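User: Hi! I am new to protein structures and would like to learn how to read one feature by feature. Could you walk me through this one?

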Amino acid sequence: MKNIGAAIAIGLALVITAIIAVSGIKQRNDYDDTIVVTGLGKKDFVSDLIVWSGSFSRLELNLKEAYAKLDADREIIRQYFVEQGVKEAELVFSAVDISKEYEYEYLQNGNSNRIFRGYRLSQTVKIESKEVDKVESISREVTELINQGVEFNSNSPQFYYTSLSDLKLEMISAATKDGRLRAERIAENANTTLGNLKEASMGVFQIIAQNSNEDYSWGGTYNTYAKKKTATITMRLEFAIR
């Protein structure tokens, strides 16, 4: 009985070992019988939305007088942009920010006196428009406001693309097509036939300025300071071969 039991145990062990071995070979073949490629989609495009802002301020000892002068500046700014062709609905003025400013007078004995200089009232104006070229040109010519006595500081315009989701789908399709072509070439050189797509995953989506030397980032880059941009996307594709 002991010999019979031992024989049965050995037999079961051999069967289990065979199953494990077959499973291992299958997994190895499943892994080996694939081609993994990375496809690239690339597209140049021009921004169709501009967002530009600037700020202006007044410094006065009297708060009421500061408000009055800031109101006058705001009206000059509004009229200037409307005359330049900007729609009033595209002009957004922020709430007024108020702060107190001081300067220090240092005495010969080493002490100092804090002197109140006045109330600093500041405000920003933002323009969001699809007339990109017009607003971009205006943003470069705001020195005219300074000539009219307005203490105006202009920020760099930012450029966006409102159909970005459609562009992304188009690029995914292009990257997938590019990846398949790469896989077909590899299969052809290996004297095999490309099978079905087993797995696909999207890589990094990047937007940089056209013809720039901007660094690519693993986390993705989204340039907003160039009107003309280049978008890229990668797709990792795994194909079966037969």
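User: Which residue is the bridge partner of Y106 in β5?

Analyst: The partner of Y106 is S112 in β5. Before we go on, a word on the source: this is a predicted model, where local features need pLDDT of at least 70 and side-chain atom pairs count only at pLDDT 80 or more, while totals for chains, interfaces and linings use all residues. Residues are numbered from 1 along each chain as its sequence is written, and side-chain values use heavy atoms, with hydrogens and water left out.

User: What counts as a strand, and what counts as a pair of strands?

Analyst: Strands (E, at least two residues) and helices (H or I, at least four residues) are DSSP runs, numbered from the N terminus. Two strands pair if DSSP finds at least two bridges between them. Here β4 (residues 97-106) and β5 run antiparallel, joined by 10 bridges. Five residues lie between the strands of this hairpin, and G110 takes a positive phi near 95 degrees there.

User: How many bridges join β2 to β5, and how many join β3 to β5?

Analyst: β2 and β5 are antiparallel, with 11 bridges; V51 has E128 as its bridge partner in β5. β3 and β5 are also antiparallel, with three bridges, and V92 is partnered by K126 of β5.

User: How can I check the length of a helix, for instance α2?

Analyst: The expected span is 1.5 Å times one less than the number of residues. Helix α2 (residues 63-83) has 21 residues, so it should span 30 Å, and its end C-alpha atoms are indeed 30 Å apart.

User: Which residues of α2 are buried, and which are exposed on the other side?

Analyst: Buried means under 20% relative accessible area, exposed over 50%, and partly exposed in between (1.4 Å probe, protein chains only). In α2, the buried residues are A66, L70, D73, I77, Y80 and F81. Looking down the axis, these buried residues fall within an arc of 90 degrees, so they line one face of the helix; the arc is that of the directions from the helix axis to the C-beta atoms. On the other side, K64 and E83 are exposed.

User: What do the buried residues of α2 pack against?

Analyst: They pack against β2 (49-60), β3 (91-93), β5 (112-129), α3 (132-140), α4 (143-147) and β6 (152-154).

User: What happens at the ends of α2?

Analyst: At the N-terminal end, N62 is the cap, with a side-chain oxygen 2.9 Å from the backbone nitrogen of K64. Just after the helix, G85 takes a positive phi of about 100 degrees.

User: Now a loop residue: where is Q148, and which residues does Q148 contact?

Analyst: Contact means heavy atoms within 4.5 Å. Q148 sits in the loop between α4 and β6. Leaving aside neighbours within four places in sequence, Q148 is in contact with I76 and Y80. Q148 and D73 are 75 residues apart along the chain, yet their C-alpha atoms are separated by 9.1 Å. Q148 is partly exposed, at 40% relative accessible area.

User: Is K130 buried or exposed?

Analyst: K130 is exposed, with a relative accessible area of 56%. Its place is the loop between β5 and α3. Apart from neighbours within four places in sequence, K130 contacts D48, L49 and T162.

Note on methods: Polar contact = N/O pair within 3.5 Å; in protein donor to acceptor, adjacent residues only side chain to side chain.
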